[in-house]
Amino acid sequence: LTVPRITPPSRCRAGRAMPKNDDGTKKPASETVPDQRWKLQVFYLCFYGFMTQIRPGESFITPYLLGADKNFTQAEVTNVIMPVLTYSYMAVLVPIFLLTDYLRYKPVLVLQSLSHISIWLLLVLGTSVLAMQLMEFFYGITMAARIAYSSYIFSLVAPSRYQRMASYSRSAVLLGVFTSSVLGQLCITLGSVSFLTLNYVSLGFVSFGLILTLFLERPRRSLFFNRPKGAGDGAAPAELDKMARGDGGGGIRGWREAALCRMLREVGALARQPQLRLWSLWWVFNSAGYYLMLYYVHILWNEIYPAMDNHQVYNGGVDAASTLLGAGASFAAGYVKIRWTL
């Protein structure tokens, strides 16, 4: 007879304590704690991302500025008002990125919501070119502050879940833009709603978005400046932990420990890494170029077909189609095996 082999309880516990990732490597113990609360936080963050994109008047800002409501000339919109958006975005992107991590996300998201409210107050009440330039400046802030939402998700989940959770949050945002664009197009085409009324509706939605922002939980940690002590206690370091490895926080005192100096050191440490330097430049110029194209193409459409009737304006339909494709691609990206080093 073969005597059945008895496994000691300690070994059974040890075997259960280290489940494996999808790639066969063992998960660190810090990732296997059965905490279900993060799922609720991720769900709320996705819901928040979806709802804060419901701004049905956004697709029609250019025809609104050129139309009878504001009556700006095409030269003013093209050469004086629109350029403020792209260049203000590039100017505030790096400072907001650093403040996002240092302030732990939520304050920057509150700033983004307040900027959204300022945009639509200026659109509704402003009458001068200066007011519209200020509106575009706040637009640049809201776009730069999107990094707070994109990186918030990484403070909620373990590194092994980064890819999939990021795809969920990004898909929620793009589905929100899709829903907003469809709603705006239906109101214009079928409901005969004026651009001004649509902007009042958008103001209501962004005000509701501020309320949602206040209920977001402020994380206790972030990726660079608020990393937990003992983060390297046997757990496998995340990609972003490797990025921030230069800041131990223990050996420098006095003025060099001030927040601004730490931020500058982080920028210097990131700039010395070729892949991150390339990715960062790619992100800044790609996103700035995208927004430059996105809002100037609305002017081009008006040049090609200057619709006198609001029913003939289809900006919302075009935005809806493009963002729906983007939402599908973002969701699929969460399930694709990616060689990150490549």
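This report describes the enclosed cavities found in a predicted model.

## Cavities in the whole structure

Rolling a probe the size of a water molecule over the atoms shows where empty space is left. When the whole of this predicted structure is searched, two cavities of 30 Å³ or more are found, and each is described below through its volume, the residues that line it and the helices or strands to which those residues belong.

## The largest cavity

The largest cavity has a volume of about 50 Å³, and its lining is made up of E58, I61, T62, M82, L85, E136, Y139, Y295 and H298. The elements that contribute two or more residues to this lining are α3, which covers 61-66, α7, which covers 129-144, and α13, which covers 274-304.

Sorted by chemical character, the lining of the largest cavity holds five nonpolar residues, together with two polar and two charged ones.

## The second largest cavity

The second largest cavity contains about 30 Å³ of space, and the residues that line it are M82, L85, T86, Y291, L292, Y295 and Y296. Two or more residues of this lining come from each of α5, which covers 83-102, and α13, and it is α13 that gives the most, with four residues.

In chemical character, the lining of the second largest cavity divides into six nonpolar residues and one polar residue, with no charged residue.

## Residues found in both linings

Reading the two lists side by side, one finds M82, L85 and Y295 in the lining of the largest cavity, and M82, L85 and Y295 also appear in the lining of the second largest cavity.

Definitions and conventions
Residues numbered from 1 in each chain as written. Predicted model: local features only at pLDDT ≥ 70, side-chain atom pairs only at ≥ 80, totals over all residues. Heavy atoms only, no water. 1 Å grid on protein atoms, 1.4 Å probe; cavity = no way out; pocket = protein on both sides within 12 Å on 5 of 7 lines; lining within 4 Å. Points joined across faces, edges and corners; volume = space filled by probe spheres on them. Nonpolar A, V, L, I, M, F, W, Y, C, P; charged D, E, K, R; others polar.
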